[in-house]
Amino acid sequence: MTAIKVGIIIGSLAKASINRKLASALEKLAPEGMSFSEIAIGDLPLYSYDYDSDYPAEGRALKAQIEASDAILLVTPEYNRSIPGGLKNALDWASRPWGTNSFNGKPVAVIGTSPGAIGTAVAQTALRPVLGFMNTIQMNQIEAYIQYKPDMIDDQGAITNPETAKFLSGFLESFQSFAARHKG
Ligand SMILES: Cc1cc2nc3c(=O)[nH]c(=O)nc-3n(C[C@H](O)[C@H](O)[C@H](O)COP(=O)(O)O)c2cc1C
């Protein structure tokens, strides 16, 4: 399989984030050839175009990491039926200064978990038009709306239910093939 470097952006800033746990579990399930590296978003100031003439180090680092990745995996919670503000802020930073959108043509996939039965479906549906406007290439299938249960991930960070692990492995394998087809 083609080697794919995936940058993971976790939409939650919480220390005990269940989406961070899911991201770690996904790393353990990664197919051969797929490597992960987190792109942190927690230190970014709130974006304003006042920064465009002199982009701060945090913004430049974010853009460089996205551009160095073959593909981006967004692992996001749902906050108030949309994406968390911190994630939207990071996307805005990545999209600017005008003409230097770091997501342009980048293969992306979206996944998320919440305790609610629809497992971040509304947040992901809100995220997709943003990614569309940013001219990413989105993996439309497999969709992954993961309902979080306290026993879903064990103390070692592994998915406990074999069916869930199989589903998530399939999601990653699809993403690997998708990213290999679309990487620049
Ligand atoms: C500000 C806020 C808004 C939330 N809104 C939703 C929501 O719209 N839908 C949902 O399923 N869960 C919602 N939740 C519950 C989250 O799913 C839950 O806190 C989950 O742990 C968030 O993921 P994280 O731990 O990775 O941040 C909300 C939580 C917070 C803090």
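Biologist: What makes β1 and β3 a pair in this predicted model?

Modeller: Strand β1, residues 4-10, and β3 are joined by 5 bridges in the parallel sense. Pairing needs at least two bridges, so the two strands qualify.

Biologist: Which residues stand opposite each other there?

Modeller: I9 stands opposite L74 in β3. V6 has A71 as its bridge partner in β3.

Biologist: How do you know that β3 also pairs with β4?

Modeller: By the bridges again. β3 and β4, residues 107-114, run parallel and share 4 bridges. At least two are needed, so this is a pair. One partnership is L73 with A109 in β4.

Biologist: What makes β3 a covered strand?

Modeller: Strand β3 spans residues 71-75, and 5 of its 5 residues are buried. Buried means under 20% relative accessible area, so each of those 5 residues falls under that cut-off.

Biologist: Which residues cover each face of β3?

Modeller: A71, L73 and V75 lie on one side, and I72 and L74 on the other. All are buried, so both faces count as covered. Side chains in a regular strand alternate between the two faces of the sheet.

Biologist: Why is the unit of β3, α3 and β4 called right-handed?

Modeller: The term applies when, with the strands pointing away from the viewer, the path from the first strand over the helix to the second runs clockwise. β3, helix α3 (residues 85-95) and β4 make a right-handed β-α-β unit, so their path runs clockwise in that view.

Biologist: How many bridges join β1 to β2?

Modeller: 5 bridges join β1 to β2, residues 34-38, and the strands run parallel. K5 stands opposite S35 in β2. From β1 the chain passes through helix α1, residues 18-29, to β2 in a right-handed β-α-β crossover. As for cover, 6 of the 7 residues of β1 are buried.

Biologist: Now the ligand. What makes the approach of Y79 a polar contact?

Modeller: An N or O atom in the Y79 side chain is 2.9 Å from a ligand oxygen atom. The cut-off is 3.5 Å, so the pair counts. A polar side-chain atom of S114 lies 2.8 Å from an oxygen atom of the ligand. N80 uses a backbone N or O atom, 2.8 Å from a ligand nitrogen atom. The protein covers 66% of the 610 Å² of accessible area that the ligand has on its own.

Biologist: Which classes of residue make up the shell around the ligand?

Modeller: The shell has 4 nonpolar, 5 polar and 2 charged residues. The surrounding residues include I18, P77, E78 and R81. Glu and Arg count as charged, so E78 and R81 belong to that class.

Conventions: Residues are numbered from 1 along each chain as its sequence is written. This is a predicted model: local features need pLDDT of at least 70, side-chain atom pairs count only at pLDDT 80 or more; totals for chains, interfaces and linings use all residues. Side-chain values use heavy atoms; hydrogens and water are left out. Buried means under 20% relative accessible area, exposed over 50%, partly exposed in between (1.4 Å probe, protein chains only). A residue is near a molecule or strand if one of its heavy atoms lies within 4 Å of it. A polar contact is a pair of N or O atoms within 3.5 Å; within protein, one must be able to donate a hydrogen and the other to accept it, and residues adjacent in sequence count only if both atoms are side-chain atoms. Accessible areas come from the Shrake-Rupley method with a 1.4 Å probe; for residues, only the protein chains shown count as cover.
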